[in-house]
Amino acid sequence: MTTQIVTPPSEVAAPPQQRPPAAGGRHRIQSRVFGIGRWVVIAGFLIATLVPFYYMLLLSVKPIESLLRDPASLIVKPSEFTLQTYVDVLSPVASGGQGFGRFLLNSAVVALGSVALALLIGIPGAYAIARLPFIGRRQVSGIFLAAYLFPAILMAIPLFVGFTRLGLRGSLVGLIVVYTAQTVPVAIYMLRNYFETVPESIEEAGLVDGLGRIGVLRQISLKLAMPSIMSTGLFVFMIAWNEFLFALLFLVDRPGRWTVSLGLSQLSGSVEVPTTVLMAGSVVLTLPIIIIFFATERLLTGGLTAGAEKG
Amino acid sequence: MAVAESEKTSTDTRKRRTITQRDARLGLWLMSPTLLVVLVIVIFPLLWSILLSFQRMRLIQIGRADFFEPLTLANYQRVLGSSAFWSSLGTTFIYTFGSVVLAISLGLLAAMAVRQPFRGRTFVRAAYLLPYVAPVVAVTFIWKTMLNPQFGIVNVIGQSLLGWDEPIAFLSQERGTWEVLGLEIPVRTALLTTIAFEGWRYFPFAFLFLMARLGAMSGEPEEAALVDGATPWQSFRFIVLPQLMPIIGVLAVLRTIWTFNEFDDIFLLTGGAAGTNVASVQIYNYLTVQRNVGAAAAQSVIMALVLVAMLSVYLLILRRRGERV
């Protein structure tokens, strides 16, 4: 098709088998179908992605009776609107609630702790891989990748044992350490991409001025990489906040230390807690993530796909 | 003059070498916290698990276990000899293949649809990423509620608008029949539902990377094709898609690895019941219900080997294709 550009005009007109009018007709029909289809697809995906979250929000502000009476209703009448579900789910168990306030605190401690630790050890590591020619620099990523081939549950068995012996199982610190180990390879990947884009000449200028490598890292590279550090931190926060398996294995017998994810999964199995109250719990679990995500969408997706543009 | 010159160069190289050496040492230092954490929390447990797969070990004994228990192949015999393992392997294959194909196809469709700028595109893009960023426990709970046979919205609408005779237990019915044009097609309801869930939850991942690639693509070849009278489909098929193939390949590998080892989604949706007993859920059951650490470890090792074999075949195909083009 593209070769036609270079062929002389006389030849273009000559072969009758090209049937320009027919091709043109097909072209017009296809363009129209694609033009309409595109909007149908866009709308379809919007419905599929947004309706479940709308449904969550809807059920969280209804009493359970009104859900059971009219399950088909997709709106909440002003007369039935209630925030009692949130009160129920957040207040402590002692006062008849489900204790999600406590779970929120636990989740926040775990997620923020993981962010701090992952950045603290990930930033120097990423800088080293980007800039410093140490032995095994190329092999490091391969080792990280290999570790991802095994199901997480395989690591869980020895960690369960080791942490039990160290007295770390059932503590939030143990969970922070595990989340850090799980997120550091991705954090390094994201940060390294950015450190590599910092012009080496700027760093060399710092070196010439007698800053030393650590000084360069702290006073130049770190400041330039701030957006990337932010997005990496947010990414780690999301993973730690959402994580389920290790929280289940380490904390299931310690209800006082449950994270929101674990608490919701444990309570959703029981019949005593109304679905609408648990939906309020889901909102409480999801909302921080959605707020962070919408506030920083560009920052976050840019950091993750930094390598993809090159193909 | 000449002597002074050569002396100067030799001190220069010496200085440069010491700087390089110092940088190398510093590099190792900066890397060491990461290496330590990954070594202690990832690599060491992995190796210990592989060792455990060759030892007789129950959960109750593990508190006083040491590394020097006698080695045995009994765990592997037990796992490979059980029919549950083979059926779970089959389920895992169907689940992985279906989920990966569905998630990448949906991601491609979505990325192509929002490719041209329009009002509200930023919002649409962000909305499409929601299923991926939202907590897995929350989204599985929403799905379970929506699919609930008593009051879930899907069954209510299905019965009132689509004319279903009775509610469908999407997550607890192992096999059902679909009536299409008078034909009764047997389907694995719960497994298909979990695959649909995976497609919904992970299409944003493919979408994100395909969008990035599309955005960086030059529009010239397509414009040239348009001038030549190529239809939109031809221009997608012969110009856009070939340029996306490398990233689709990477996505397929990553999603295959992650889906093959997926635990949370199935455990939370069905608990592994109704024919959705994929390998990682079965390993969890070996561990917590049967309390057989050795068998759990053995099955994990077997699954990792299967995954490595699958990826090798895939890379082989990819390389052969690369040579032909």
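This dialogue introduces some features of a predicted model and how to read them.

Biologist: Which kinds of secondary structure does chain A contain, and how many of each?

Modeller: One begins by counting the elements. In chain A there are 15 helices and zero strands.

Biologist: How is chain A divided into domains?

Modeller: The domain assignment gives domain 1, residues 20-82, and domain 2, residues 87-310. The centres of these two domains of chain A, taken over C-alpha atoms, are separated by 33 Å.

Biologist: How many residues does each domain of chain A bring to the contact between them?

Modeller: Domain 1 of chain A brings eight residues and domain 2 of chain A brings seven. On the side of domain 1, the elements that give two or more residues are α2 (20-60) and α3 (64-69) of chain A. The largest share of that side, four residues, is that of α2(A). By residue type, the side of domain 1 that touches domain 2 has six nonpolar, one polar and one charged.

Biologist: How should I read burial, and what share of chain A counts as buried?

Modeller: There is a general idea to begin with. In soluble globular proteins, nonpolar side chains tend to be buried together. In this model, 40% of the 311 residues of chain A count as buried. The largest nonpolar core has 165 residues, and those with the most contacts inside it are Ala156(A), Ile157(A), Leu191(A) and Ala206(B).

Biologist: Which residues does Ala156(A) contact, leaving aside its neighbours within four places in sequence?

Modeller: With those neighbours set aside, Ala156(A) is in contact with Leu245(A), Phe246(A) and Leu249(A). For chain A as a whole, residues 24 or more positions apart make up 72% of the contacts with a separation of 6 or more.

Biologist: Is Glu243(A) buried or exposed?

Modeller: One counts the surrounding C-beta atoms and compares the count with a cut-off of 20 within 10 Å. Glu243(A) is buried because 27 other C-beta atoms lie within 10 Å. Glu243(A) is placed in the loop between α11 (226-242) and α12 (245-251) of chain A. Apart from neighbours within four places in sequence, Glu243(A) is in contact with Tyr179(A) and Ser261(A).

Biologist: How many residues does each chain give to the contact between chain A and chain B?

Modeller: Chain B gives 81 residues and chain A gives 87. On the side of chain B, helix α1 (residues 2-52) gives the most, with 20 residues. That side of chain B divides into 65 nonpolar, twelve polar and four charged residues.

Note on methods: Residues numbered from 1 in each chain as written. Chains lettered and ligands numbered in written order. Predicted model: local features only at pLDDT ≥ 70, side-chain atom pairs only at ≥ 80, totals over all residues. Core = buried A, V, L, I, M, F, W, Y, C linked by C-beta atoms within 7 Å. Buried ≥ 20, exposed ≤ 12 C-beta atoms within 10 Å, placed from the backbone. Contact = placed C-beta atoms within 7 Å. Nonpolar A, V, L, I, M, F, W, Y, C, P; charged D, E, K, R; others polar. Domains from an automatic or database assignment.
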